[in-house]
Amino acid sequence: MKPSVILYKSLPDDLLARLESHFTVTQVKNLSPETVEQHAEAFANAEGLLGSSEKVDEALLAKMPKLRATSTVSVGYDNFDVDALNARRIALMHTPTVLTETVADTLMTLVLTTARRALEVAERVKKGEWTKSIGPDWFGIDVHHKTLGIVGMGRIGLALAQRAHFGFGMPILYNARRQHQEAEERFNARPCDLDTLLRESDFVCIVLPLTEETHHLINAEKIALMKPSAILINAGRGPVVDEPALIDALKAGKIHAAGLDVFEQEPLPADSPLLSMPNVVALPHIGSATHETRYNMAACAVDNLIDALNGNVEKNCVNPQTVK
Ligand SMILES: NC(=O)c1ccc[n+]([C@@H]2O[C@H](COP(=O)([O-])OP(=O)(O)OC[C@H]3O[C@@H](n4cnc5c(N)ncnc54)[C@H](O)[C@@H]3O)[C@@H](O)[C@H]2O)c1
Ligand SMILES: O=C(O)[C@H](O)CO
């Protein structure tokens, strides 16, 4: 008999067919208590779980006593209670690497659009305000050869450094918990403590996972260290930045602009002050959102679940030591 799995995300037809060739699949719309209640038997029998973005905590795991593996269609896994998974010896699989280049493109997009005010001036053109030669009130600031600070020199940080170094001739600073020789040798990146990075960077790019340690790492005190001409970019997780502190700093002109793909609350509430600030570019968490990459992430997540339920956690497993 095929193992049972719960799928809480829609998949392209070919990937759904692949999943169904290995498992008996129950597709649900989310992991809310109401949904779990409605499909109680399927949850009780499921050995695998595949989807993204929803919270997976002890309360849910208690309803899934047979669960052996979870597979998230994301690289970030801050929505999982890893301790609870470990306690139950459940594998957590994720999708690193397949999205790295696309997310680095998104970061570079935020750097360019904030610096050159691309969205703001394009809106002015659409409103018919381009009626004569433009003056300094339409100007942006240069990106090339400015200093880029990377907080979180992992896979995506490295891909961002590559773009900034080779594409834009930018000196690179990075803050990390260990030395990254590859970044230093290939992109001439210089390691430094967080305060130095914040003081010296023209663009501060955050690509950190959300953990207890990184929650509100960038608070009012840290933002105050940035140059008034600097731009803050966040494509890691929203709560890494203290959002009210960022809003205050932007209002007071303490920093020049912000480019944000992630927020403390997503979707960003319609009354967020960020939405009315011309110097803020707010994207709807599109870091990896291209057709190609989202397909590759879903395919990776399907393969990860097949691997994990076959006892293979060599690749893409967050907690292999728990499962082996
Ligand atoms: N906006 C998006 O759509 C999107 C897409 C993909 C990933 N992300 C986020 O980006 C994160 C990074 O992804 P990745 O593939 O580069 O992961 P990664 O694990 O390769 O890189 C994360 C890096 O952050 C470092 N780090 C962790 N805590 C730190 C701290 N306190 N101080 C300094 N460095 C610290 C780690 O050592 C690691 O080098 C993900 O966890 C996710 O939250 C966002
Ligand atoms: O972590 C990730 O993969 C992205 O943020 C998509 O959720």
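The following paragraphs describe the sheet of this predicted model, the helices that lie across it, and the surroundings of ligand 1.

The sheet is an open one, built from seven strands with parallel pairing, and its strand order reads 8-7-6-9-10-11-12. Its edges are taken by strand 8 (190-191) and strand 12 (280-282); each has a single partner strand, so one side of each is left without a neighbour in the sheet. Further in, strand 6 (residues 148-151) and strand 7 (residues 172-175) are joined by four bridges in the parallel sense. In one of these pairings, V151 has N175 of strand 7 as its bridge partner.

Two helices can be placed against this framework. Helix 6, spanning residues 100-116, lies across strand 6, strand 9 (203-206), strand 10 (231-234), strand 11 (257-260) and strand 12, and runs at about 150° to strand 10. Helix 12, spanning residues 243-251, lies across strand 10, strand 11 and strand 12, with an angle of about 145° to strand 11.

Turning to the ligand, 24 residues surround ligand 1, and those that come nearest are R155, I156, R177, A235 and D261. For I156, a backbone N or O atom sits 2.9 Å from an oxygen atom of the ligand. Side chains take part as well: an N or O atom of the D261 side chain is 2.8 Å from a nitrogen atom of ligand 1, and for the side chain of E213 the corresponding distance to a ligand nitrogen atom is 3.2 Å. On its own, ligand 1 has 860 Å² of accessible area, of which the protein covers 88%. The shell that provides these surroundings comprises ten nonpolar, nine polar and five charged residues.

Note on methods
Residues are numbered from 1 along each chain as its sequence is written. Chains are lettered from A and ligands numbered from 1 in the order in which they are written. This is a predicted model: local features need pLDDT of at least 70, side-chain atom pairs count only at pLDDT 80 or more; totals for chains, interfaces and linings use all residues. Side-chain values use heavy atoms; hydrogens and water are left out. Two strands pair if DSSP finds at least two bridges between them. Helices (H or I, at least four residues) and strands (E, at least two) are DSSP runs, numbered from the N terminus. Contact means heavy atoms within 4.5 Å. Axes are lines fitted to C-alpha atoms, for helices over the stretch in contact, and angles run from 0 to 180 degrees between N-to-C directions. A residue is near a molecule or strand if one of its heavy atoms lies within 4 Å of it. A polar contact is a pair of N or O atoms within 3.5 Å; within protein, one must be able to donate a hydrogen and the other to accept it, and residues adjacent in sequence count only if both atoms are side-chain atoms. Accessible areas come from the Shrake-Rupley method with a 1.4 Å probe; for residues, only the protein chains shown count as cover. Ala, Val, Leu, Ile, Met, Phe, Trp, Tyr, Cys and Pro count as nonpolar, Asp, Glu, Lys and Arg as charged, and the others, Gly among them, as polar.
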